[in-house]
Amino acid sequence: MISTIGAGIGGIATAIRLARKGYQVRVFEQQGKPGGKLNELRVNGFRFDAGPSLFTLPQLVDELIAGANTSAFSYQKLELITRYFFPDGTVLHAWAEPERFAEEVADKLNDKHTDVLRYLKESRELYELTANTFVYSPFPQLKNFFTLQSLKLAMNPKKLKAFETMHEVNCKFFSDFRTIQLFDRYATYNGSNPYLAPGTLTMIPHLEHNIGAYFPNEGMYAITNELVRIAESLGVEFVYNAHVDKIDTRNSRVVGINVNGSGVESNYVVNNTDIFTAYQTMLNEVPLASRLAAQQPSSSALIFYFGVKGTHPQLDVHNILFTANYFSEFKAMEQGSISDDPTVYIFITSKRIATDAPDGHENWFVMINVPPNTGQNWDELRLKAREAILAKVKRMVGIDLADLIVAEDYLDPVRIEQRTGSFRGSLYGISSNNRMAAFNRHPNRSKNVKGLYFVGGSVHPGGGIPLCLASAKIVDSFFKPL
């Protein structure tokens, strides 16, 4: 019997993989429905994808769907990934196709077409050089460093770009601050600061522009729904409103878990909750390694879910409204606050799914990056940020939202922590704001407790849908078929 704690995407994916190997799996979720951060919200006739909004590396989902009797899940590749709005009035279309994107940058910004293509080429090379070692393999393990890929990396350590920041790398490629800002933004994909995070993160644009960005035809939450359906067809049992109080151990081995005050015997436990939360509550008799306990949580998010009157063609599915001073935005977050002029991300699924909003309306998911919760007055910060966002949308896009919002809800670090158990409401576990970040993530198998495994965004290889699914593959590799 395998008990999985948490029905986030990593826990669901692990359950599917292990059920296919013949194991009996039960998933215990504290909320009333599955998904964790990959969830949905419905407000007065509007449907919103509540968390992750961009779908990359779809093959990781395809692997889980393969072999299912039927699959209702489908997706399409985006031709236009993001529409960028700059304070000087420039509007840039980030086309998925590298050549077309490079031409757009050359036409709208002061950087060369060839420089963009060279950047994306190096982004691809960096991903291909590091992915097997840092993403798809158990880490850190000594044997991982004796592969052909690792030897290539050892012979070309500069290619890792670990000893310069992401911003510094981008400055070497481009001269226009707007191009640099565009590529600096990719640090936020794992909750990091481009002025501190290693240049290794410049591999991230490869996922969008060389592999592709995709849109599930029924929205992001369709990923959760489909994987749960497949898991259940394999005999996986999901138990909701189930609070796991403790992971029970005996002689340094898992023997079960305590759920809502009752014991459940288990030969193995897969933890899909935040490791900081897990060690403080369910594993309080097992120490968290000091090097891990000292890590700083990633950034969080403040999200407004606006039901908006009217349709607005100046916006696409994914939109970014940049700040004039990106550095000050990250400096404010370092200090636990929010910039007066934050970069705003707007995600509108009703552009493609008409039923996500009533006729003549749109569903706006409006997000800014914010620091994790350390006791700030979030009611005050939220209201201040809302005013700044409305002013920015009016100034940069020409849409006066004040009288157009007909439905509204929000998600802040406090609610994220309450609903998902993420330490301080961080979105991606620990940040990658130092060159050793890849070496300091919690491993996927416990060294202290036999039979205990870890998946999800707070452990190796990191946060976000692709990396959570990769963590499930790694845990699966530890189990032999029955």
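Visitor: What makes strands 5, 9 and 6 a sheet, and is it open or closed?
Guide: In this predicted model, the three strands line up in the order 5-9-6 with antiparallel pairing, and the sheet they form is open. Its edges are strand 5 (55-56) and strand 6 (75-77), each of which pairs on one side only.

Visitor: How do you know that strand 5 pairs with strand 9?
Guide: Count the bridges. Pairing takes at least two bridges between the strands, and two bridges join strand 5 to strand 9 (residues 213-216). So the cut-off of at least two is met. The two strands run antiparallel, and you can find F55 standing opposite Y214 of strand 9.

Visitor: And how do you know that strand 6 pairs with strand 9?
Guide: Here three bridges join the strands, which again run antiparallel. Pairing asks for at least two, so strand 6 and strand 9 count as paired. Look for Q76, which sits opposite F215 in strand 9.

Visitor: Why do you say that both faces of strand 9 are covered?
Guide: Check the residues on each side. A213 and F215 are on one side, Y214 and P216 on the other, and all of them are buried. Buried means under 20% relative accessible area, so both faces of strand 9 count as covered.

Visitor: On to the helices. Why is helix 1 called roughly parallel to helix 9?
Guide: Helix 1 (residues 9-20) packs against helix 9 (residues 221-233) at about 25 degrees, and their axes are 9 Å apart. Angles under 35 degrees count as roughly parallel, so helix 1 gets that label with helix 9. Their crossing is left-handed.

Visitor: What makes the contact between helix 1 and helix 9?
Guide: From helix 1 come I9, I12, I16 and R20; they meet I223, T224, L227, V228, I230 and A231 in helix 9. By class, that contact has eight nonpolar residues, one polar and one charged.

Visitor: Why are helix 6 and helix 7 called oblique?
Guide: Helix 6 (residues 166-173) and helix 7 (residues 177-184) pack at about 140 degrees, with axes 9 Å apart. Roughly antiparallel needs an angle over 145 degrees, and roughly perpendicular runs from 65 to 115. The angle here fits neither label, so the pair is oblique.

Visitor: Which residues make that contact of helix 6 and helix 7?
Guide: Helix 6 brings M166, H167, N170 and C171, while helix 7 brings I180, F183 and D184. They divide into four nonpolar, two polar and one charged. The crossing of helix 6 and helix 7 is right-handed.

Key. Residues numbered from 1 in each chain as written. Predicted model: local features only at pLDDT ≥ 70, side-chain atom pairs only at ≥ 80, totals over all residues. Heavy atoms only, no water. Axes fitted to C-alpha atoms, helices over the stretch in contact; angles between N-to-C directions. Helix = DSSP H or I, 4+ residues; strand = E, 2+ residues; numbered from the N terminus. Left-handed = near helix turned anticlockwise from the far one by under 90°. Contact = heavy atoms within 4.5 Å. Nonpolar A, V, L, I, M, F, W, Y, C, P; charged D, E, K, R; others polar. Buried < 20%, exposed > 50% of the residue type's maximum accessible area, 1.4 Å probe, protein only.
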